[in-house]
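Trainee: I would like a close look at one part of this structure, with the rest brought in afterwards.

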Amino acid sequence: MGSRVSLLILFLVLCHSLSVTMGRFWRKEVEEREDPDKLFLMLKSKRVAKTDAGEMRVLESYGGRVSERSLHIGFITMEPRSLFVPQYLDSTMIIFLRSGEAKVGFIYRDRLAERHLKMGDVYQIPAGSAFYLVNMEDQKLDIICSIDPSESLGVDIFQSFYIGGGAHPASVLSGFEPEILEAAFNASGAELRKLFTRQYEGPIVHVGDSHATSIWTKFLELKEEDKLEHMREMMQEEEEEDEVEEEEESGEEEEQQTRWSWRKLLETVFGDEAVRREKGTRRPPRSCNLYERKPDFENRYGWSVAIDGSHYFPLKRSGVGLYHVNLSAGSMMAPHMNPRATEYGIVLKGTGRIQIVFPNGSNAMDAEIKEGDVFFIPRYFAFCQMASRGQPLEFFGFTTSAQRNRPQFLVGATSLMRTMLGPELAAAFGVTQETMRRVANAQHEALILPITSSSSASHSHFPSASYSE
Ligand SMILES: *[C@@H]1O[C@H](CO)[C@@H](O)[C@H](O)[C@H]1NC(C)=O
Ligand SMILES: *[C@@H]1O[C@H](CO)[C@@H](O)[C@H](O)[C@H]1NC(C)=O
Ligand SMILES: *[C@@H]1O[C@H](CO)[C@@H](O)[C@H](O)[C@H]1NC(C)=O
């Protein structure tokens, strides 16, 4: 008996401190946001890169989420034949190809590798790992990504360190004193000045067409030429070529130097050949396709699918999962909550509504959502998404858990309401067991439910806060 009482007291203390912290946090958030109806929509947008050839925009996560992890959501668009120049970030980034095709080049165990990505592909680029993105297709490339600030320097939303660069963006290397670089590259100051002053078009550049910046086009040609795995052999051949052509005084000299410089740069930054050989040839991770996966759940009203660390192992390290949901017109995801993760969602298509409730049972947000909107739901908070009557609602997103998230459904055929059905639950609601059973069993569908069938579900009969007053 004593232990039960102390457990109960412990529980009450915990509840109290949780609600105090939560209360403080949410009050602060509410005061800061102009429109409290949009408390859980991500609206703080920041353009981190914008050029002729593309742009990157990031929606910043709001801080202070009571020791729970947060993610930023980024949107990258790249014009046909463009390059996002080589860089590394202070944050792990998981990219999802919404449309178009891309090649991602990155360092894996000191080797340079490239992966071809197509629509629906998911790929993880760990913090501190150098990479570049290329769109060599004739169509636009659209990427949505999660950016995990947990490893970040905390200086800005996230920090890019450009490897190649010049006047804009500046290469991280250009900060070193000339004599250090001359020694590191084993090259003359004149050669290095050429390398670090040409680039001025920003972090996303056109390549391989009339506007081509010769230096980046060269960079990509170099990559294709050496086929990456054969870097070493290529370097030897090129050295021989260089020796032959060194004799010739012509306009080709400059081109040779550009190639030479890139090779040196890659070698310096992307790791040493001897190390590379020792590490053997372990293949870098493949991508994983979200669109090709079979739904984990499907009924007449929609489907949902999730990817976690067991489907795509790099996610185990980052502790991030992904999901994709399609609700047909007039359907809803039953009220549920995530016991282990904060959820971020991006509306890909359609329109609908999302409701989120506070721990004390009052309505926290009831917002219309449309394509391009980004929302988040704190861990433990109950919520539901609804497709509008006219069109399906398709959304996708990230969760801060790479293990199976196992959302808990509160209502529906496979829900807490059903599994807890009994005298205790009836007593908790203050109704007879008979009433309780009738209410809990009325819904025959699970997870994804129709909202058009019953009159009580129409908007006017379903006001936001009427049951909590
Ligand atoms: C419930 O909690 C929220 C957030 O802390 C607060 O704004 C709201 O006033 C509370 N509602 C009630 C009925 O206590
Ligand atoms: C630097 O370059 C010179 C001439 O190309 C070469 O002889 C020398 O071995 C190089 N030194 C290093 C440390 O690579
Ligand atoms: C979503 O479901 C609707 C039918 O409700 C269907 O027309 C649409 O193609 C689906 N979207 C996807 C991406 O499967």
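How many bridges join S1 to strand S2, and in which sense do the two strands run, parallel or antiparallel?

Mentor: The model is a predicted one, and what follows should be read in that light. Six bridges join S1 to S2, and the two strands run antiparallel. Strand S2 covers residues 54–59, while S1 covers 45–51. One place to see the pairing is Lys50, which stands opposite Glu55 in S2.

The two strands belong to a wider arrangement. They are part of an open sheet of seven strands, in the order S1-S2-S3-S10-S5-S8-S13, with antiparallel pairing. Strand S1 and strand S13 (288–289) stand at the edges; each has a single partner strand, so one side of each is left without a neighbour in the sheet. For S1, the pairing with S2 is the one just described. As a general point, side chains in a regular strand alternate between the two faces of the sheet.

Now stay with Glu55. Besides standing opposite Lys50, Glu55 forms a salt bridge with Arg47, and the closest N and O atoms of that pair are 2.8 Å apart. The two ends of this salt bridge differ in how far they are covered. Glu55 has a relative accessible area of 17%, so it falls under the 20% limit and counts as buried. Arg47 has a relative accessible area of 53%, which is over 50%, and therefore Arg47 counts as exposed.

A second salt bridge involves the sheet as well. The side chains of Asp148 and Arg69 meet with 2.6 Å from N to O. This pair links distant parts of the chain: Asp148 is in strand S10 (residues 141–148), Arg69 is in the loop between S2 and strand S3 (72–78), and the two are 79 residues apart. Asp148 is buried at 5% relative accessibility, whereas Arg69 is partly exposed at 25%.

For contrast, take a salt bridge within a helix. Arg438 and Glu434 meet through their side chains at 4.0 Å, N to O. They are four residues apart in helix H11 (residues 433–441), which means that about one helical turn separates them. Arg438 is exposed, with a relative accessible area of 52%, and Glu434 is partly exposed at 45%. Some salt bridges also share partners, and in this way Lys118, Asp121 and Glu292 are joined into one network. The count of salt bridges comes to 11.

Further along the chain, strand S19 (residues 343–349) is mostly covered, with six of its seven residues buried. S19 pairs with strand S22 (residues 374–377) in the antiparallel sense over four bridges; there, Ile346 has Val374 as its bridge partner. S19 also pairs with strand S24 (residues 393–399), again in the antiparallel sense, over six bridges. In that pairing Tyr344 stands opposite Phe398.

Strand S15 (residues 302–307) holds Ser304. At 13% relative accessibility Ser304 is buried. Setting aside its neighbours within four places in sequence, Ser304 is in contact with Pro295, Asp296, Phe297, His324 and Val325.

There is also a ligand to place. Around ligand 3 are Trp303, Asn326, Ser328, Pro392 and Glu394. For Asn326, a polar side-chain atom lies 2.4 Å from an oxygen atom of ligand 3. Ligand 3 taken alone exposes 360 Å², and the protein buries 45% of that.

Finally, the chain as a whole. It has 11 helices and 26 strands. Of its 469 residues, 48% are buried. Among contacts between residues at least 6 apart in sequence, 73% join residues at least 24 apart; the salt bridge between Asp148 and Arg69 is a case of two distant parts of the chain being linked. The accessible surface of the chain comes to about 23500 Å², and 52% of it belongs to carbon and sulfur atoms.

To return to the part you asked about: S1 stands at an edge of the open sheet with a single partner strand, and six bridges join S1 to S2. The salt bridge between Glu55 and Arg47 can be looked at alongside that pairing.

Conventions. Residues are numbered from 1 along each chain as its sequence is written. Chains are lettered from A and ligands numbered from 1 in the order in which they are written. This is a predicted model: local features need pLDDT of at least 70, side-chain atom pairs count only at pLDDT 80 or more; totals for chains, interfaces and linings use all residues. Side-chain values use heavy atoms; hydrogens and water are left out. Two strands pair if DSSP finds at least two bridges between them. Buried means under 20% relative accessible area, exposed over 50%, partly exposed in between (1.4 Å probe, protein chains only). Contact means heavy atoms within 4.5 Å. A residue is near a molecule or strand if one of its heavy atoms lies within 4 Å of it. A polar contact is a pair of N or O atoms within 3.5 Å; within protein, one must be able to donate a hydrogen and the other to accept it, and residues adjacent in sequence count only if both atoms are side-chain atoms. Accessible areas come from the Shrake-Rupley method with a 1.4 Å probe; for residues, only the protein chains shown count as cover.
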